[in-house]
Amino acid sequence: MPSLNQGAWVPGSDEYRFGFASIPRIPITGAPADTNFARSAMLHDGTDYRFYAFRGSSRDTLYQFGWNGVSYDFGHRSIPRLQLSGMPADADASSIRMLHSGGAYHAYLRRLGDPTTLYQFVFRPGTTTYAWATAPFIPTLGVRGFPADTDWSRWNMLHDGSDYRLYAFRYGSIDDFYQGAWDGSTYRFGFNSIPQLRAVGYPADSHPGMTAMLHDGVDYRLYFQAP
């Protein structure tokens, strides 16, 4: 079962450094046998750190894990199984990103063939469902201005209490990634952001294509999955 290599942003720099203000390596425990760790996401909701992964090859079923002080444990302080509902036919479920905005839990899928268009799902309290096109949230979001060498297969999102932020790695690099933020109409490269950031000191077993990010009210955190 995989674990997570954790680091955090070093204030005043362009570095996300392995082990900085962090437990360096965190296990994931109790996962069902069909957990698809290659399609996963993380968030912090103001109280709990949470990890999510799709069930097998499903396009709409997620497993939820919570931090228990030792590991990300399946079902800990969590609804174990969640559903995405109302999914557009061209939604790309090959990856998912999630965040908590302070008032709601959000999930995002890209549009198939157009990774700079995002579909936004929002959790409906009292249910097990993240629903697309949930008022008053914008159902479809655009991204613009990112460099031509942006690798949209390696992207992340978070909310830091002020800004909704979008990140994506640079093609050919396992360390360099770009940052933008929501400007009121689109996710714009460099808006209220350090445009380019670096992952520094992460172990060699960190999987470059299996990353997650979150903000926990204090630190911006970057995770790579490891065997």
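**Rings, charges and burial**

Visitor: What sits over the ring of phenylalanine 54?

Guide: The charged end of arginine 39, 4.0 Å from the ring centre. A charge counts as over a ring if NZ of Lys or CZ of Arg is within 6 Å of the centre and within 35 degrees of the ring normal. Tryptophan 155 has a similar visitor: the charged end of arginine 97 sits over its ring, 5.2 Å from the centre.

Visitor: What kind of model is this?

Guide: A predicted one: local features need pLDDT of at least 70, side-chain atom pairs count only at pLDDT 80 or more, and totals for chains, interfaces and linings use all residues. Residues are numbered from 1 along each chain as its sequence is written, and side-chain values use heavy atoms, with hydrogens and water left out.

Visitor: How many aromatic pairs are there?

Guide: The count is 20. In one of them, tyrosine 16 and phenylalanine 177 lie 5.6 Å apart, centre to centre, with 55 degrees between the planes. That pair joins strand S2 (residues 15-18) to strand S16 (residues 176-182), so it ties together parts 161 residues apart in sequence.

Visitor: Why is that pair called tilted?

Guide: Rings of Phe, Tyr and Trp (its six-membered ring) pair if their centres lie within 6.5 Å; planes under 30 degrees apart are stacked, over 60 edge-to-face, the rest tilted. At 5.6 Å and 55 degrees, the rings qualify as a tilted pair. Both residues also belong to a cluster linked by ring pairs, with Phe18, Tyr167, Phe169, Tyr202 and Phe224.

Visitor: Why does glutamine 6 count as buried?

Guide: Its relative accessibility is 5%. Buried means under 20% relative accessible area, exposed over 50%, partly exposed in between (1.4 Å probe, protein chains only). Tyrosine 16 and phenylalanine 177 are buried too.

Visitor: What does glutamine 6 touch?

Guide: Its contacts (heavy atoms within 4.5 Å) include Phe18, Pro24, Tyr202 and Arg221, not counting residues up to four places away in sequence. Glutamine 6 lies in strand S1 (residues 3-9). Its C-alpha is 9.5 Å from that of tyrosine 16, 10 residues away in sequence.

Visitor: How many helices and strands does the protein chain have?

Guide: There are 0 helices and 20 strands. These are DSSP runs, numbered from the N terminus: helices are H or I, at least four residues; strands are E, at least two.

Visitor: How does the radius of gyration compare with that of a compact globule?

Guide: For 227 residues, the globule value is near 17 Å; the protein chain has 16 Å, which agrees. The radius is taken over C-alpha atoms, and the rule is 2.2 Å times the number of residues to the power 0.38.
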